[in-house]
Amino acid sequence: MRNTIMRITFLCLSLISYQSIAQQQRKTITKKERTFLVQFLKETESDVFKSVKDLTAAQLNFKPALEKWSVADCVKHIAAAEKELWVMAQQTLKQSENPEKRAEIKFSDENLIKVVEDRSRKTKTFAALEPANSPYGTVAEALAGFKADREQLISFVNDTQVNLRNHVLVLPLGTYDAYQFILLISAHTNRHIQQIEEVKATIGFPKL
């Protein structure tokens, strides 16, 4: 029994190692990866606009509590994060590939999305991404900035021939390859779309 377990363990480790090597040898991401990422980015972009469609100024600025964010705050945060997180990814892509750092990655793509989107896990954002520090003065400005940045990101993913898996970001909040970091950007958008829906469902949310 012990020998059987050891053989299975060795086989699993060998498979992981083989997949990692194969991933490193690819010149670019697979068609399946590209399609999934583009679709995910488009879906969360569309959902941002759906979540705020036809909301009045009173509804946009309503806060469930003094320390809580309004819908407007969420939108400004989404837009600011879109810009800043993509800048971080771009800086990594300008550097040489560092696939040896892949060993430090702790999340699968699926688990990363689940963790980021999980609203039961509360986290405090960076000061630069606080709504009060957003470069956007109005919701309209934030939405326009978000759309421009998201469309640029989608265009990049559609066209890039870079192997995003071989560019690894080592950050205080975790280690991710560039493909995963773009997944994180989209999942982060969805996290705050959920927050917007929570605000809209709050007792006292203005009817108009």
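The chain of this predicted model contains seven helices and two strands. Read from the N terminus, the elements follow the order α-α-α-α-α-α-β-β-α. The chain has 208 residues, of which 46% count as buried. Among contacts with a separation of 6 or more, 83% are between residues 24 or more positions apart.

Helix α2 comprises 22 residues, and the distance from its first C-alpha to its last is 33 Å, close to the 32 Å expected at 1.5 Å a residue. Its buried residues are Glu33, Arg34, Leu37, Val38, Phe40, Leu41, Thr44, Glu45, Val48, Ser51 and Val52. Viewed down the axis of α2, these residues fall within an arc of 170°, and they therefore line one face of the helix. An α-helix has 3.6 residues a turn, so residues three or four places apart point the same way. Lys31, Lys32 and Lys50, on the other side of α2, are exposed.

The chain then enters the loop between α2 and α3, where Asp54 is found. Asp54 is not a glycine, yet its phi is positive, at about 70°. Most residues other than glycine have a negative phi. With a relative accessible area of 67%, Asp54 lies over the 50% cut-off and is therefore exposed.

Lys63 is located in the next loop, between α3 (57-61) and α4. Its relative accessibility is 40%, so Lys63 counts as partly exposed. Leaving out residues up to four places away in sequence, Lys63 touches Lys68, Trp69, Ser70 and Asp73. The C-alpha atoms of Lys63 and Gly204 are separated by 9.4 Å, although these residues are 141 residues apart along the chain.

Helix α4 spans residues 71-93. Its 23 residues should cover 33 Å at 1.5 Å a residue, and the end C-alpha atoms are 33 Å apart, in agreement with that value. The helix is mostly covered, with 17 of the 23 residues of α4 buried.

Nonpolar side chains in soluble globular proteins tend to be buried together. The largest nonpolar core in this model has 29 residues, and Phe181 and Ile182 touch the most other members. Two or more residues of this core come from each of α2, α4, α5 (109-117), α6 and α7 (178-200). The contribution of α7 to this core is the greatest, at eight residues. Ile182 touches Leu37, Leu41, Trp86, Leu153, Phe156, Val157 and Leu164, when residues up to four places away in sequence are not counted. Of these, Leu37 and Leu41 are also among the buried residues of α2. A second core, separate from this one, has 21 residues, including Leu55, Ala79, Val139 and Leu143.

Five aromatic pairs are present in the structure. One of the pairs is formed by Phe49 and Phe146, with 6.3 Å from centre to centre and 40° between the planes, a tilted arrangement. This pair links distant parts of the chain, as Phe49 belongs to helix α2 (residues 31-52) and Phe146 to helix α6 (residues 139-159), 97 residues apart. The two rings differ in exposure class: Phe49 counts as partly exposed because its relative accessibility is 29%, whereas Phe146, at 2%, counts as buried. The ring of Phe49 also has the charged end of Lys147 over it, 5.9 Å from the ring centre.

Thr175 is placed in strand β2 (residues 174-177). Its relative accessible area is 12%, under the 20% cut-off, so Thr175 is buried. Apart from neighbours within four places in sequence, Thr175 is in contact with Lys101, Glu104, Ile105, Lys106, Val168, Leu169 and Val170.

Definitions and conventions: Residues numbered from 1 in each chain as written. Predicted model: local features only at pLDDT ≥ 70, side-chain atom pairs only at ≥ 80, totals over all residues. Heavy atoms only, no water. Helix = DSSP H or I, 4+ residues; strand = E, 2+ residues; numbered from the N terminus. Expected span 1.5 Å × (residues − 1). Buried < 20%, exposed > 50% of the residue type's maximum accessible area, 1.4 Å probe, protein only. Phe/Tyr/Trp six-rings, centres within 6.5 Å; stacked < 30°, edge-to-face > 60°. Lys NZ or Arg CZ within 6 Å of the ring centre and 35° of its normal. Contact = heavy atoms within 4.5 Å. Core = buried A, V, L, I, M, F, W, Y, C linked by side-chain atoms within 4.5 Å. Arc of directions from axis to C-beta.
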